[in-house]
Amino acid sequence: FSADEVSVVFVLGGPGAGKGTQCDKLVKNHQFVHLSAGDLLRAEQNREGSQYGELIKKYIKDGLIVPQEITIALLKNAMSENVKEGRSKFLVDGFPRKMDQAVIFEEEIVPSKFVLFFECPEDVMLRRLLERGKTSGRSDDNIESIRKRFRTFVDTSMPVVDYFDKMDKVVKVSCDEPVDVVYGHVEDAIKAKID
Ligand code: UP5
Ligand code: MG
């Protein structure tokens with residue numbers, strides 16, 4: 001597919017901010033395809049015969065960013081499958097979270113329309129992740145991994161948000177409220193941006 005066939009909105013925010021939850025709601029009300037980079041990596045990690053399984057497993061447990069070529073290839077592939085079926089509007093959730101990913105994706109695939117950024121205090125995210133960790137089975141929903149994910153978010157991923165903010169592409173949404181209240185903010189925030 002080419003850049004003019006697709007449109008992409010990046011959905012960013014700290015671990016447990018509610019990106020996945022809000023994307024699910026957006027998909028129900030708009031013509032979006034939701035692609036979570038983390039979900040794509042977890043699927044690849046579990047895919048039989050994947051040459052990256054062990055590497056992905058280690059990076060996710062340590063809260064580190066998997067080398068960009070792996071994640072971008074997974075996203076590109078998922079987008080391509082959808083384009084074949086006539087779906088072209090994507091919410092790309094949890095990506096890009098390192099500068100190299102941001103620049104390469106926008107240069108080689110498509111520039112994002114805008115960035116939805118979920119602002120959330122760390123103590124709120126921590127509470128949500130520990131609660132989810134009781135049942136999620138995610139290898140990174142434990143206190144040790146969560147601390148590492150927060151660290152990576154501040155050191156590596158916030159510079160990406162700042163980069164897009166300087167380009168005036170960031171729409172900030174406060175998400176320390178009940179899911180439906182946050183979703184109201186999301187609708188308000190994107191109303192001006194999409195038809
Ligand atoms: N919840 C949600 N909203 C709530 C609300 N308003 N009030 C109360 N509770 C709320 O939500 C988290 C939990 O909070 C849920 O239990 C939910 O019910 C509740 P969720 O919507 O899942 O939040 P989300 O922001 O999606 O949290 P997630 O844990 O998925 O965020 P991460 O960004 O940490 O995880 P992701 O899957 O994106 O990435 C995992 C790892 O993959 C990364 O750490 C990294 O190692 C790797 N990765 C890469 O290497 N490269 C990439 O490009 C992407 C990921
Ligand atoms: Mg998520």
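1. Let's start with how the first helix sits on the sheet. Helix α1 lies across β1, β2, β3 and β4, and runs at about 165° to β3. Keep in mind while reading that this is a predicted model.

2. Which residues of α1 (residues 19-29) are buried? They are Lys19, Gln22, Cys23 and Leu26. These residues are on the same side of α1, because the arc they cover around the axis is only 105°. As for the general background, an α-helix has 3.6 residues a turn, so residues three or four places apart point the same way. The cover over the buried residues of α1 includes strands β1 (7-13), β2 (33-36), β3 (89-93) and β4 (114-119), along with helix α8 (179-191).

3. Now the sheet itself. It is open and built from 5 strands in the order β2-β3-β1-β4-β5, with parallel pairing. The edges belong to β2 and β5 (170-174), each of which has a single partner strand, so one side of each is left without a neighbour in the sheet. From one strand to the next, the twist averages 20°.

4. If you want to check the strand register, begin at β1. On one side, β1 pairs with β3 in the parallel sense over 5 bridges, and Val9 stands opposite Leu91 in β3. On the other side of the pairing list, β1 and β4 run parallel and are joined by 5 bridges; here Gly13 has Phe118 of β4 as its bridge partner. Phe118 also stands opposite Val173 in β5, and β4 and β5 pair in the parallel sense over 5 bridges.

5. How much of β1 is buried? The count is 6 of its 7 residues, so the strand is largely enclosed by the rest of the structure. The largest nonpolar core has 41 residues, and those with the most contacts inside it are Phe10, Val11, Leu75, Leu91 and Val92. Taking Val11 as a way in, and not counting residues up to four places away in sequence, this valine touches Lys19, Cys23, Leu91, Val92, Asp93 and Leu116. Two of these names came up under α1: Lys19 and Cys23 are among the buried residues of that helix.

6. On to the annotations. An unreviewed UniProt entry places a "binding site" feature at Gly16, Ala17, Gly18, Lys19, Gly20, Thr21, Arg132 and Glu177. Ala17 is in the loop between β1 and α1 and is buried, because 27 other C-beta atoms lie within 10 Å. Its contacts, leaving aside neighbours within four places in sequence, are Phe118, Cys120, Met125 and Cys175. Gly20 is in helix α1 and is partly exposed, with 15 other C-beta atoms within 10 Å. With the neighbours within four places in sequence again left aside, Gly20 is in contact with Ser36 and Asp93.

7. The unreviewed UniProt entry also gives a "binding site" at Arg42, Leu64, Ile65, Val66, Gly94, Phe95, Pro96, Arg97, Gln101, Arg138 and Arg149. Where do these positions sit relative to each other? They span 108 residues in sequence and the farthest two C-alpha atoms are 23.7 Å apart, so they do not all gather at one spot.

8. Two arginines from that second set deserve a look. Arg97 is in the loop between β3 and α5 (99-108), and it is buried, with 23 other C-beta atoms within 10 Å. Leaving aside neighbours within four places in sequence, Arg97 is in contact with Ile65, Thr156, Ser157 and Val160. Arg149 is in helix α7 (residues 143-166), and it is buried too, with 22 other C-beta atoms within 10 Å. On the same basis of leaving aside neighbours within four places in sequence, Arg149 is in contact with Pro15, Gly63 and Asp140.

9. Finally, some backbone geometry to look at. Phe95 and Pro96 are joined by a cis peptide bond, with omega about -5°, and Pro96 is in the loop between β3 and α5. Both residues are listed in the "binding site" feature from UniProt (unreviewed entry). Which residue other than glycine has a positive phi, near 65°? That is Asp168, in the loop between α7 and β5. Asp168 counts as exposed, because it has 7 C-beta neighbours inside 10 Å.

Technical notes:
Residues numbered from 1 in each chain as written. Chains lettered and ligands numbered in written order. Predicted model: local features only at pLDDT ≥ 70, side-chain atom pairs only at ≥ 80, totals over all residues. Buried ≥ 20, exposed ≤ 12 C-beta atoms within 10 Å, placed from the backbone. Helix = DSSP H or I, 4+ residues; strand = E, 2+ residues; numbered from the N terminus. Arc of directions from axis to C-beta. Contact = placed C-beta atoms within 7 Å. Pairing = 2+ DSSP bridges. Axes fitted to C-alpha atoms, helices over the stretch in contact; angles between N-to-C directions. UniProt positions renumbered as here; feature names shortened; annotations may be inferred. Core = buried A, V, L, I, M, F, W, Y, C linked by C-beta atoms within 7 Å.
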